[in-house]
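Welcome, and thanks for taking a look at this fold with us. Have the sequence and the coordinates open side by side, and we will walk through a few spots together.

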Amino acid sequence: MTSSTETAMRQDLAAAYRLVAHFGMDDLIHTHISARLPDEPNHLLINRYGDLFREVTADSLAVIDHQGHQVRGTQVPINTAGIVIHTAVHSARPDAICVMHTHTAAGVAVSCLEEGLLPLNQTALLFYGRVGYHAFEGIALDRDEQQRLVTDLGDNRAMILRNHGLLTVGRSVGEAFSLMYNLEQACRIQLAVLGSGRPVHLPSSDVCERTAAQYEADPDGAAELEWLALRRLSGLVFHGR
């Protein structure tokens with residue numbers, strides 16, 4: 001019998017999948033979002049490989065351990081790269097309740113730029129000095145890559161996978177989604193600014209650090225309010241189809 005805490009996590013994770021699709025951050029059946037089960041810290045929820053993100057429901061999510069084995073329920077396909085990337089992060093970071101990975105055009109484009117993410121605007125400054133970079137080693141199918149991946153992530157809540165995409169780590173599903181949404185927006189804005197061909201103005205390093213610290217403090221409790229609003233949107237999107 002599914003516990004109430006697992007049911008709540010399943011609902012949050014399914015909402016995140018649908019929201020990723022709603023905001024155009026999905027990639028057909030590829031990429032993945034995982035969440036640690038509250039009462040089973042060594043077990044994770046992840047999508048069934050083959051489902052579009054808009055098709056994911058609370059009940060369709062599979063349960064795997066840190067080795068990638070399904071521990072209960074009907075055996076379903078699981079993306080190997082998803083297992084390699086997500087189990088690595090969850091195993092190394094006890095604070096990693098949710099791990100989100102995308103292949104958006106903007107995110108991949110910025111991952112290909114030598115300078116990576118630039119501190120161009122308020123949204124980008126959420127990640128100032130707080131984003132890791134992991135070199136591309138091919139499709140993430142080899143467990144040998146896991147240690148290098150978690151080393152490059154460090155204590156950051158976001159990472160740019162070079163020539164590959166974006167990854168965020170949240171202490172909740174809502175936090176992981178908010179980080180990914182903002183990282184995606186920062187990438188889109190950067191491409192728009194660079195595409196203008198005009199000279200670029202950057203804030204001072206002191207202002208950049210101050211802004212990043214302001215985000216971390218979250219004095220208005222915006223993070224919780226944002227996720228409540230997004231859960232309402234997810235319900236409208238899902239039930240309206």
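Let us begin at a polar pair: the side chains of N79 and Y49 make a polar contact at 3.3 Å. Bear in mind throughout that this is a predicted model. N79 sits in the loop that links β4 (70-72) with α2 (80-92). Is N79 buried or exposed? With a relative accessible area of 14%, N79 falls under the 20% limit, so it counts as buried. Apart from neighbours within four places in sequence, N79 is in contact with H32 and Y49.

Next, the nonpolar interior. The largest nonpolar core has 47 residues, and those touching the most other members are L13, Y17, I33, F127, F177 and W227. Helix α1 supplies the largest share of this core, 9 residues. A second, separate core holds 15 residues, among them I85, V89, A140 and M159.

I33 deserves a closer look. Setting aside residues up to four places away in sequence, I33 touches L13, A16, Y17 and V20, and its list also includes L45, I46, N47 and F53. H86, C98, V99 and M100 belong to the contacts of I33 as well.

Does the length of α1 agree or disagree with the expected span? Helix α1 covers residues 4-22, and at 1.5 Å a residue its 19 residues should span 27 Å. The C-alpha atoms at its ends are 27 Å apart, so the two values agree. Just after α1, G24 adopts a positive phi of about 70°.

Positive phi turns up beyond glycine too. Most residues other than glycine have a negative phi, so the two residues below are worth a visit in your viewer.

| Residue | Phi | Loop | Relative accessible area |
|---|---|---|---|
| T31 | about 70° | between α1 and β1 (32-37) | 1%, buried |
| D218 | near 45° | between α7 (205-217) and α8 (222-239) | 26%, partly exposed |

T31 is buried because its relative accessible area is 1%, whereas D218, at 26%, counts as partly exposed.

Finally, turn to a pair of strands. Strand β6 (residues 131-134) runs parallel to strand β7 (residues 158-161), and 4 bridges join them. Within this pairing, V131 of β6 stands opposite A158 in β7. Which helix goes with these strands in a β-α-β unit? Helix α5 (residues 146-153) does, and the unit made by β6, α5 and β7 is right-handed.

Key:
Residues are numbered from 1 along each chain as its sequence is written. This is a predicted model: local features need pLDDT of at least 70, side-chain atom pairs count only at pLDDT 80 or more; totals for chains, interfaces and linings use all residues. Side-chain values use heavy atoms; hydrogens and water are left out. Two strands pair if DSSP finds at least two bridges between them. Helices (H or I, at least four residues) and strands (E, at least two) are DSSP runs, numbered from the N terminus. A crossover is right-handed if, with the strands pointing away from the viewer, the path from the first strand over the helix to the second runs clockwise. The expected span of a helix is 1.5 Å times one less than its number of residues. Buried means under 20% relative accessible area, exposed over 50%, partly exposed in between (1.4 Å probe, protein chains only). A polar contact is a pair of N or O atoms within 3.5 Å; within protein, one must be able to donate a hydrogen and the other to accept it, and residues adjacent in sequence count only if both atoms are side-chain atoms. Contact means heavy atoms within 4.5 Å. A nonpolar core is a set of buried Ala, Val, Leu, Ile, Met, Phe, Trp, Tyr and Cys residues joined through side-chain atoms within 4.5 Å.
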